[in-house]
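This report describes a structure for readers at the bench. Its topics are the fold of each chain, selected helices, one sheet and the salt bridges.

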Amino acid sequence: MTEVKYTFDWNLVLTGQYGDWMLQGLLLTLKISAVSIVLAMLMGTIVAVFRLSKVRPLIWFSAGYTEFFRNTPLLVQIFFWYFGSEAVLPKAVNTWLYKQDFEFAAGCIALTVYTSAFIAEEIRSGIFAIPKNQLEASRAVGLSFIQSYRYVILPQAFRIIIPPLISQFLNLIKNSSLVMTIGVADLTYMARQVESYTFHGFESFTVATLIYLAISLVVSFTITMYNKHFLRQITY
Amino acid sequence: MPVIEVNKLNKWYGDFHVLKDINQTVEKGEVLVICGPSGSGKSTFIRCVNRLEEYQKGEVLFNGQDIQAKSVNVNQLRADIGIVFQQFNLYPHLTVLKNITLAPLKVKKTPRNQAEENGLALLERVGIHDQAHKYPAELSGGQQQRVAIARALAMRPQVMLFDEPTSALDPEMINEVLNVMKDLAREGMTMLCVTHEMGFAREVADRVIFMDSGIIVEEAPPDVFFNNPKHDRTKAFLKEIL
Ligand SMILES: Nc1ncnc2c1ncn2[C@@H]1O[C@H](COP(=O)(O)OP(=O)(O)OP(=O)(O)O)[C@@H](O)[C@H]1O
Ligand SMILES: [Mg+2]
């Protein structure tokens, strides 16, 4: 038996049809990550503020939400929304989802919900770090509870938690590779597809790996720079 | 009608009876100074007036209206009754001017240019017009407290509460804050001031109140209060602080 020597062919996976696939995969990864990050921030903020409100049912909801979604595997959650959304979401929502890209939507919901549970905990700890008298001072001039959070508490809390938030964003980007399991044609999915057409899995996954690394570095760098140069660091 | 009327006000923290049958009537333009030993309930009392604290018995009337009535909009009430704290509590992420304009913009929906114009005028009035675009951390304590006063005044309150506004300040900065407060008093602002600045009390107070253990022990115009206190506890207290 003669040994077939593996010859590297980087051009193959970077150009032509296969290159296009990789590019499409990259764009989809960026899209699902960006949409999920925005939604997860929104949801995380709401859940965190619920937890700190004085309304019992909101506190219970928030506690249940964070514990449940942080402590179940993301892959299971992805399958849950993909296979089970019909049973839990209202019919109108499902009909609407099917008209969109259903796989994308299910993946997005799973990533959003899962990550928002972690983000909520980060935001909550950020809010805890703000001196109590800030809320009192803003309520004392007539701002409502929600206005106080919107204009006084949260802007300060977010500055404090930028580093842990970045790591949540990076987790989300990396975790987004799991959505290939429900057929979302993201970067990982496409790398896999290129591999199965070309048998050059080493190159395609190396490229995918480097792309993930690059995205993470860019995101991290951008936010850090923004924080450093555009947000005033606060001292009390 | 008095601006503020306090009738048989009682408050408990759990089992601890902090305020015991407090009665007060404050007419428009009156300046009250409240003093007393630490823990006597001075802060708790004035914080009940703008509902930063809830009370359990008695009533506080603002322009004749019970402030804990269901129909009262607490945010409106607080816009009408400003408060200045011992720790200035400015918003550290906003400039001085934005500290002042935030509530007018968001609560009163004042147009931005008008809110800013008004804010700058207030800064002028408290003597720090040139610091408008700095951040609180860049200001001295006395300047920060004057911003805090301007921030409360921006809502055009009918009453101002002060809770030891000069106790956190270095001695050389106390007067710049007291002068602003004296001006306010002379311009006819209704004021309830917790302070141990007896010079201030002598100069502008209409009445001085001495509290101890949740009770109003003594109450008199400043000359009587300082020269002729009736109660031993007041005398002992005055001896200690003068
Ligand atoms: N949130 C609270 N829970 C329980 N007890 C409290 C609370 N706030 C204040 N107290 C107690 O109520 C009493 C009155 O407090 P308050 O702050 O009104 O006193 P004060 O006269 O303003 O004192 P100081 O001069 O030290 O500011 C104190 O014994 C204090 O320990
Ligand atoms: Mg006090």
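## Basis of the description

Helices (H or I, at least four residues) and strands (E, at least two) are DSSP runs, numbered from the N terminus. The model is predicted: local features need pLDDT of at least 70, side-chain atom pairs count only at pLDDT 80 or more, and totals for chains, interfaces and linings use all residues. Residues are numbered from 1 along each chain as its sequence is written, chains are lettered from A and ligands numbered from 1 in the order in which they are written, and side-chain values use heavy atoms, with hydrogens and water left out.

## Chain A

Chain A contains 11 helices and zero strands. Along the principal axes, its C-alpha atoms fill a box of roughly 80 × 45 × 30 Å. Of the 236 residues in chain A, 45% are buried; buried means under 20% relative accessible area, exposed over 50%, and partly exposed in between (1.4 Å probe, protein chains only). Among contacts with a separation of 6 or more in chain A, 75% come from residues 24 or more positions apart, where contact means heavy atoms within 4.5 Å.

About 12700 Å² of chain A is exposed, and carbon and sulfur atoms supply 68% of that area. Accessible areas come from the Shrake-Rupley method with a 1.4 Å probe, and for residues only the protein chains shown count as cover. A nonpolar surface patch is formed by A:Y6, A:F8, A:W10, A:L14 and A:F202, with about 540 Å² of accessible area together. Patches are made of residues with over 30% relative accessible area and no salt bridge, like charges being joined within 9 Å and nonpolar side chains (Val, Leu, Ile, Met, Phe, Trp, Tyr) within 5 Å. One member of the patch, A:L14, lies in helix α1 (residues 10–14) of chain A.

## Helix α11 of chain A

Helix α11 (residues 201–230) of chain A has 30 residues, which should span 44 Å at 1.5 Å a residue; the end C-alpha atoms are 42 Å apart, in agreement. The expected span is 1.5 Å times one less than the number of residues. Buried residues of α11(A) include A:G201, A:V207, A:Y212 and A:N227. The buried residues of this helix pack against α1, α2 (16–52), α9 (162–175) and α10 (187–198) of chain A.

## The antiparallel sheet of chain B

Four strands of chain B form an open sheet in the order β2-β1-β4-β5, with antiparallel pairing. At its edges are β2 (16–26) and β5 (65–66) of chain B, each of which pairs on one side only. Two strands pair if DSSP finds at least two bridges between them. Seven bridges connect β1(B) and β2(B), where B:K11 stands opposite B:L19. Five bridges join β1(B) to β4(B), and B:I4 stands opposite B:F62 there. β4(B) and β5(B) pair over two bridges, with B:F62 opposite B:Q65.

Most residues other than glycine have a negative phi. B:K8, in strand β1 (residues 4–13) of chain B, nevertheless has a positive phi of about 45 degrees and counts as exposed at 51% relative accessibility. B:N63, in the loop between β4 and β5 of chain B, also has a positive phi, near 50 degrees.

## Helix α6 of chain B

Helix α6 (residues 171–186) of chain B has 16 residues and reaches 23 Å between its first and last C-alpha atoms, close to the expected 22 Å. Its buried residues include B:M173, B:I174, B:V177 and B:M181. Their cover includes β3 (31–35), α4 (112–125), α5 (141–153) and β7 (159–163) of chain B, among other elements. Just after α6(B), B:G188 takes a positive phi of about 100 degrees.

## Salt bridges

The structure holds 17 salt bridges over all chains, each being a side-chain nitrogen of Lys or Arg within 4 Å of a carboxyl oxygen of Asp or Glu. B:R146 and B:E176 meet in one of them (3.0 Å, N to O). This pair links distant parts of the chain, with B:R146 in helix α5 and B:E176 in helix α6 of chain B, 30 residues apart. B:R146 is buried, with a relative accessible area of 10%, whereas B:E176 is partly exposed at 24%. Salt bridges that share partners also join A:E136, B:K11, B:R47 and B:E53 into one network.

In another salt bridge, B:E116 and B:R112 have their closest N and O atoms 3.7 Å apart. These two residues are separated by about one helical turn because they lie four residues apart in helix α4 of chain B.
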